[in-house]
Amino acid sequence: MDAGGRNVDTVIVRGCLHPATGEALRYFEEGRVYSLQIESTLACPQGCRYCYAPAGAAGVRELSPDDIAAVLSSAATMNVKAVDWLGGDPLVREDWYDLARHARDLGFVNNIWSSGIPLADQKVAEHAVAATEGGFISVHLDTLDAAVYARLHDGDAGKKIRAIHRGIENLLACGKPASELVNCITFTRPLAGSDLAQTMRYFCEEVRMAICLTQMCTVGRACRHPEWVPTPGEVQDACRTRDAICYPGSSCSFGTMDVNKFYCGTVICVTVDGDVTPCSVIREGFGNIRDQPLSKIVEEHRNELLFLGMRQPGPDSSSCTRCEQSAVCWGCRAMAYYETGELLGPDPKCWRAASGR
């Protein structure tokens, strides 16, 4: 596919995440919501010390089944195509499979963002594969090195790494194609250099999974570890290594995140508190589902929720819209928000922005 006169094939397909890439691109062009993120719980067995979730939040806080049902019903009237189940880890909810089946019955494609640890249970893996037909499953393993993992997470590092590996094996054994699996890596300074390269090579070249390289935002638990925020130079090295491994031969690249503008520009999130936000990392809500139906909130706040101000470059627009990679990337909007206070501001952690390119 050509955008802006350049071949962006694998960068669009992988960075869009959704298997139905063409349909997601059409929603982007039309300024519509393609995917609804539902932050169903804050409970998670992984214990990431850089997690963006509220630092003082109780681990068992959940979005109620009634709220989820109401959100799904409203999203169906908007012809939303996919539901991205988030946490915490959505698979720790006792009713997660019932909720996912209900979403599927309403016509949604289910995607799951999990730590990967619950998938070590074969029954959970079987249900996850059944629930995500036509969608993707993301697990989260930043490093293969138990010592590095232990710095970044609570609990028994070796046990958790083994559980995630077993979960991936279970998914593949249950028939989930590797092409519909994603390993999410949150880039922190302890990963910089060979550790990150080794992890990406393992998942991309050996397991044949996609990589979703994300950046640590200083929000939630991450505020306790400012020393883990990578420098623009480290981000540059990480992204160039990622490009060589995941997108060989492509002239296009993402500055900081492995989800491209076609994903970010068609997704909204409902948090455990019922707030409607542009993405799960951005905790500023534009309405609450307990006060208004989701469709009404989107109608009133479409500009903010879908970053419509990023669509056309202009004298007052973000420098990200004028970047050489703007065909696929507009920087991380969460990073821009937390670092500059502006949803549509420049991404200060992007090495291109830092170098003035």
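Strand β4 is mostly covered, with five of its five residues counted as buried. It is a useful place to enter this structure, which is a predicted model, and the report moves from this strand to its partners, then to the loops, and finally to the chain as a whole.

**The strand β4 and its partners**

Strand β4 covers residues 82-86. Its side chains are divided between two directions, since A82, D84 and L86 point one way while V83 and W85 point the other way, and the residues of both groups are buried. On one hand β4 pairs with β3 in the parallel sense, over five bridges, and within this pairing S35 stands opposite A82 of β4. On the other hand β4 pairs with β5, again in the parallel sense, over four bridges. Two of the residues of β4 can be followed into β5: the bridge partner of V83 is N110, and the bridge partner of W85 is I112.

Strand β5, residues 109-113, pairs in turn with β6, residues 137-140, in the parallel sense over two bridges. Here I112 appears once more, as its bridge partner in β6 is I137. Like β4, strand β5 is mostly covered, with four of its five residues buried. The table below gathers the three pairings described so far.

| Strand pair | Sense | Bridges |
|---|---|---|
| β3 and β4 | parallel | five bridges |
| β4 and β5 | parallel | four bridges |
| β5 and β6 | parallel | two bridges |

As a general point, the strands of a sheet pair through backbone hydrogen bonds, either parallel or antiparallel. The strands discussed above belong to an open sheet of eight strands, whose order is β8-β7-β6-β5-β4-β3-β9-β10 and whose pairing is mixed. At the edges of this sheet stand β8 (210-215) and β10 (276-277), and because each of them has a single partner strand, one side of each is left without a neighbour in the sheet.

**Loops and backbone details**

The loop that follows β4 and leads to α4 (96-105) contains G88, and the peptide bond from G87 to G88 is cis, with omega near 15°. In general, most peptide bonds are trans, and most residues other than glycine have a negative phi. Two further residues are of interest for their phi values. N79, which is found in the loop between α3 (65-77) and β4, has a positive phi of about 60° although it is not a glycine. F307, in the loop between α11 (294-305) and α12 (333-340), likewise has a positive phi, near 55°, and is a residue other than glycine.

Are these two residues buried, partly exposed or exposed? N79 has a relative accessibility of 36% and therefore counts as partly exposed, whereas F307, with a relative accessible area of 2%, is buried.

Another loop, between β3 (35-39) and α3, holds Q46, and this residue is buried, with a relative accessible area of 1%. Which residues does Q46 contact when its neighbours within four places in sequence are left aside? They are S115, I117, H140, Y149, H153, D154, K160 and I164. Q46 can also be related to D89, since the C-alpha atoms of these residues, which are 43 residues apart along the chain, are separated by 8.5 Å.

**The chain as a whole**

Seen in full, the secondary structure of the chain comes to 13 helices and ten strands. The C-alpha trace spans about 50 × 50 × 40 Å along its principal axes. A compact globule of 357 residues would have a radius of gyration near 21 Å, and the 19 Å of the chain agrees with this expectation.

Of the 357 residues, 57% count as buried. Among the contacts between residues at least 6 apart in sequence, 73% join residues that are at least 24 apart. The accessible surface of the chain comes to about 13800 Å², and 49% of that surface belongs to carbon and sulfur atoms. As for charge, the chain has 35 positive and 44 negative charges, and the mean positions of these two groups are 3 Å apart.

Methods: Residues are numbered from 1 along each chain as its sequence is written. This is a predicted model: local features need pLDDT of at least 70, side-chain atom pairs count only at pLDDT 80 or more; totals for chains, interfaces and linings use all residues. Side-chain values use heavy atoms; hydrogens and water are left out. The radius of gyration is taken over C-alpha atoms; the globule rule is 2.2 Å times the number of residues to the power 0.38. Buried means under 20% relative accessible area, exposed over 50%, partly exposed in between (1.4 Å probe, protein chains only). Contact means heavy atoms within 4.5 Å. Accessible areas come from the Shrake-Rupley method with a 1.4 Å probe; for residues, only the protein chains shown count as cover. Lys and Arg count as positive and Asp and Glu as negative; His and the chain ends are not counted. The place of a charge is taken as NZ of Lys, CZ of Arg, CG of Asp or CD of Glu. Two strands pair if DSSP finds at least two bridges between them.
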